[in-house]
Amino acid sequence: MDSMITAAAHSLAVGDPLLALKRIALRDDAPALALRGIAMAQLGDLNRAKELLRRATRAFGQKDSVARARCVVAEAEIALVSRDLTWPANALDAARAVLERRGDRINAAHAGVLAARRLLLIGRLEEAGRLLSEVDPAPLSPALRTAYELAAAGIAIRHLRMKEARSALRRAEYEAKAAGIPALMAEVESVSLLMTQPAARAIARGKERFLILEEVEALLASGAFVIDACRNVVRGGGTTVSLATRPVLFSLARALAEGWPGDVTRDALVRHTFRAKHADESHRARLRVEIGRLRAGLGTLAEVNATDQGFALSPRSATEVVVLAPSAEEQHAEVLALLADGEAWSSSALAIALGISPRGAQRALEQLSNSGKVQSYGRGRARRWMTPPVPGFPTTLLLPGPLPSG
């Protein structure tokens with residue numbers, strides 16, 4: 001490798017893409033094309049970066065499999081940053097296998113981190129954790145090790161293991177400072193700030209208070225009977241009952257929990273659950289049916305007892321009932337939670353991340369756009385949606401993937 005290529009690669013490693021381009025901007029050989037692509041990615045021109053990396057992949061040819069694999073890894077990182085979740089993940093797996101087989105431990109580890117970050121983004125937390133545990137961060141540069149620790153922190157945060165998350169963030173901060181790249185230090189600071197912001201509300205005995213993530217973790221470990229409105233599940237005694245696919249039952253459970261330790265009248269339950277202005281006999285009959293289903297659904301966690309006026313919730317073992325609700329409840333909050341990272345998303349990527357249909361994602365985006373909460377640019381397949389990060393928006397508890405069960 002000639003001296004200009006070496007110098008350009010060093011400039012990119014320390015986060016100076018302009019200096020790198022000064023050295024190789026007029027060159028069209030394969031190594032220069034690859035480095036130019038990485039430089040353009042660092043400058044934010046992702047479309048140009050992808051074009052250059054694909055040209056570099058073709059220029060390297062079939063014989064230089066390691067260089068081609070490195071280009072694939074770089075393109076995968078661009079796809080991740082641009083939230084292109086339709087990019088073929090198996091190409092990254094194949095590139096990682098080539099790099100491991102040929103002894104390029106640094107880029108193989110980096111490919112593993114990218115794959116874990118993609119899994120984290122779409123809510124496959126267990127797979128992301130297993131993959132990241134297979135990555136050896138020792139050969140990574142400070143900049144790449146920062147990305148590794150941020151991925152580890154992200155997985156820990158989503159699992160509500162806050163002590164583990166803070167340890168990973170401290171390591172990420174140390175590595176980012178060692179790398180000396182301002183953008184990396186800002187990313188670490190942004191994640192650290194998330195730990196101090198309100199993430200949810202606890203509603204109990206007619207009062208509510210905001211909770212940070214560590215307080216949410218403590219609540220779920222406290223043994224209280226928790227109606228979790230962030231995931232539409234009921235938690236108690238180490239057991240979790242999901243009502244995510246039974247919204248009527250969850251609505252009833254939440255109304256009863258908010259009324260605990262007293263009862264909730266039948267008319268109030270009808271209004272809350274069925275959105276009926278006036279309860280008639282058909283509503284009351286349906287209420288009796290749904291209460292019976294709720295009793296069966298809660299099983300050994302709690303009883304639902306009839307009173308003179310309505311119904312009351314009675315946990316079998318817990319002495320406290322708490323509703324855990326998002327700090328900001330509004331329609332399509334999950335979409336806003338993903339867009340709150342400040343990146344530009346396509347509707348198809350949002351559909352993949354949330355596990356909904358593409359049309360469902362488009363309808364949600366259109367409604368949010370009409371209310372001025374999101375904005376788009378581009379047309380057709382190039383259309384992207386984004387919103388400026390909202391200070392204090394409760395992203396973590398609304399992102400895809402399960403929260404802890406106990």
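Tutor: Let's start with a term: two strands count as paired when DSSP finds at least two bridges between them. Helices (H or I, at least four residues) and strands (E, at least two) are DSSP runs, numbered from the N terminus. This is a predicted model, where local features need pLDDT of at least 70 and side-chain atom pairs count only at pLDDT 80 or more, while totals for chains, interfaces and linings use all residues. Residues are numbered from 1 along each chain as its sequence is written, and side-chain values use heavy atoms, with hydrogens and water left out.

Student: How do you know that strand 1 and strand 2 pair?

Tutor: DSSP has to find at least two bridges, and strand 1 (residues 200-204) has five bridges to strand 2, in the antiparallel sense. In one of them, isoleucine 203 is matched with glutamate 208 of strand 2.

Student: What is the strand order in the open sheet?

Tutor: The six strands run 2-1-9-3-4-5, and the pairing is mixed. Strand 2 (207-211) and strand 5 (239-242) each have a single partner strand, so one side of each has no neighbour in the sheet, and that puts them at the edges. From one strand to the next, the twist averages 20°.

Student: Why are Leu287 and Ile291 in helix 15 called buried?

Tutor: Buried means under 20% relative accessible area, exposed over 50%, and partly exposed in between (1.4 Å probe, protein chains only). Leu287, Glu290, Ile291, Leu294 and Leu298 are the buried residues of helix 15. On the other side of that helix, Glu281, Arg288 and Ala296 are exposed.

Student: What makes the buried residues of helix 15 line one face?

Tutor: Looking down the axis of helix 15, they fall within an arc of 115°, so they sit along one face. The arc is taken from the directions from the helix axis to the C-beta atoms. Those buried residues pack against strand 4 (233-236), helix 13 (247-259), helix 14 (266-274), strand 7 (302-306) and strand 8 (310-315), where contact means heavy atoms within 4.5 Å.

Student: How do you know that the span of helix 15 is close to the expected one?

Tutor: The expected span is 1.5 Å times one less than the number of residues. Helix 15 (residues 281-298) has 18 residues and reaches 26 Å from first C-alpha to last, close to the 26 Å expected. After helix 15 comes glycine 299, with a positive phi near 55°.

Student: Why is the contact between arginine 284 and aspartate 267 called a salt bridge?

Tutor: A salt bridge needs a side-chain nitrogen of Lys or Arg within 4 Å of a carboxyl oxygen of Asp or Glu. The N to O distance between arginine 284 and aspartate 267 is 3.4 Å, so the pair qualifies. This pair links distant parts of the chain, with arginine 284 in helix 15 and aspartate 267 in helix 14, 17 residues apart. Arginine 284 is partly exposed at 26% relative accessibility, and aspartate 267 is partly exposed at 33%.

Student: Which residues four apart in helix 6 form a salt bridge?

Tutor: Glutamate 100 and arginine 96 meet at 3.4 Å, N to O, and both lie in helix 6 (residues 89-101), about one turn apart. Arginine 96 has a relative accessible area of 13%, so it is buried, whereas glutamate 100, at 48%, counts as partly exposed.

Student: What makes lysine 177 exposed?

Tutor: Lysine 177 has 55% relative accessibility, and the cut-off is passed, so it counts as exposed. Its salt-bridge partner is glutamate 173, with the closest N and O atoms 3.5 Å apart. Glutamate 173 is partly exposed at 38%.

Terms used
Axes fitted to C-alpha atoms, helices over the stretch in contact; angles between N-to-C directions.
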